[in-house]
Amino acid sequence: MQLSRLVETVEQVRSTTRKIEKVRLLSAFLQQTHGRETALAASYFAGLLPQGRIGVGWSVLQQAALAEYHQAHELSLSDLDHAFQEVSEMEGSGSSERRVAALRQLFARAQPHERAFLSSLLMCRLVVMEFRG
């Protein structure tokens, strides 16, 4: 599943105030996923990474977001999962710089609206919405 489709769904969910419509949109998206993609999508909708905390703070994110956009091919949910797993395993001397480099590669492939989503996700913000009112 492509990240752009997930981001479009997030934007649609955010734009409606109707709970039943939010649920319908999320359900329709999740029904189009299979296996690991379903778990990844559900985690990302909730603003969570399956890896948990991956050692990315505001400074690392800010440096990574400076990457110039170079669209090679669309990012998939699996691409994100792989990149986040690599970053989560970086330890020791120079790990901060390696995290920045890995995330720059990811951000370089992300379209502007995808970058905003990734920033929110990496800062562990609730990505989709709150069910209120």
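The following legends describe close-up views of a predicted model.

**View 1. The buried side of helix α2.** Helix α2 covers residues 19–31. At 1.5 Å a residue, its 13 residues should span 18 Å, and the end C-alpha atoms are indeed 18 Å apart, which agrees. K22, L25, L26 and F29 are the buried residues of α2. They cover an arc of only 90 degrees around the axis, which puts them on the same side of α2. An α-helix has 3.6 residues a turn, so residues three or four places apart point the same way. On the other side of α2, I20 and Q31 are exposed. The buried residues of α2 pack against α1 and α3.

**View 2. The lysine K22 within helix α2.** K22 lies in α2. Its relative accessible area is 6%; K22 therefore counts as buried, because that term applies to values under 20%. A polar atom of the K22 side chain is found 2.9 Å from the backbone oxygen of V13.

**View 3. Helix α5 and the helices around its buried face.** Helix α5 comprises residues 77–88. For its 12 residues, a rise of 1.5 Å a residue predicts a span of 16 Å, and the distance between the end C-alpha atoms, 16 Å, agrees. Buried in α5 are L77, L80, D81, A83, F84 and V87. Seen down the helix axis, these buried residues of α5 fall within an arc of 165 degrees, so they line one face of the helix. Their packing partners are α1 (3–15), α3 (36–45), α6 (95–109) and α7 (112–122).

**View 4. The largest nonpolar core.** This core has 38 residues. The members that touch the most other members are L3, L6, Y44, F84, L103, F117 and L118. At least two residues of the core come from each of α1, α2, α3, α4 (58–64), α5, α6 and α7. Helix α6 gives the most to this core, with 6 residues. One of the core residues named here, F84, is also among the buried residues of α5.

**View 5. The surroundings of L6.** L6 is one of the core residues that touch the most other members. Which residues does L6 touch, not counting residues up to four places away in sequence? They are F29, A41, Y44, F45, L77 and F117. Among these, F29 is a buried residue of α2, and L77 is a buried residue of α5. Y44 and F117 are themselves listed with L6 among the core residues that touch the most other members.

Technical notes
Residues numbered from 1 in each chain as written. Predicted model: local features only at pLDDT ≥ 70, side-chain atom pairs only at ≥ 80, totals over all residues. Heavy atoms only, no water. Helix = DSSP H or I, 4+ residues; strand = E, 2+ residues; numbered from the N terminus. Buried < 20%, exposed > 50% of the residue type's maximum accessible area, 1.4 Å probe, protein only. Polar contact = N/O pair within 3.5 Å; in protein donor to acceptor, adjacent residues only side chain to side chain. Expected span 1.5 Å × (residues − 1). Arc of directions from axis to C-beta. Contact = heavy atoms within 4.5 Å. Core = buried A, V, L, I, M, F, W, Y, C linked by side-chain atoms within 4.5 Å.
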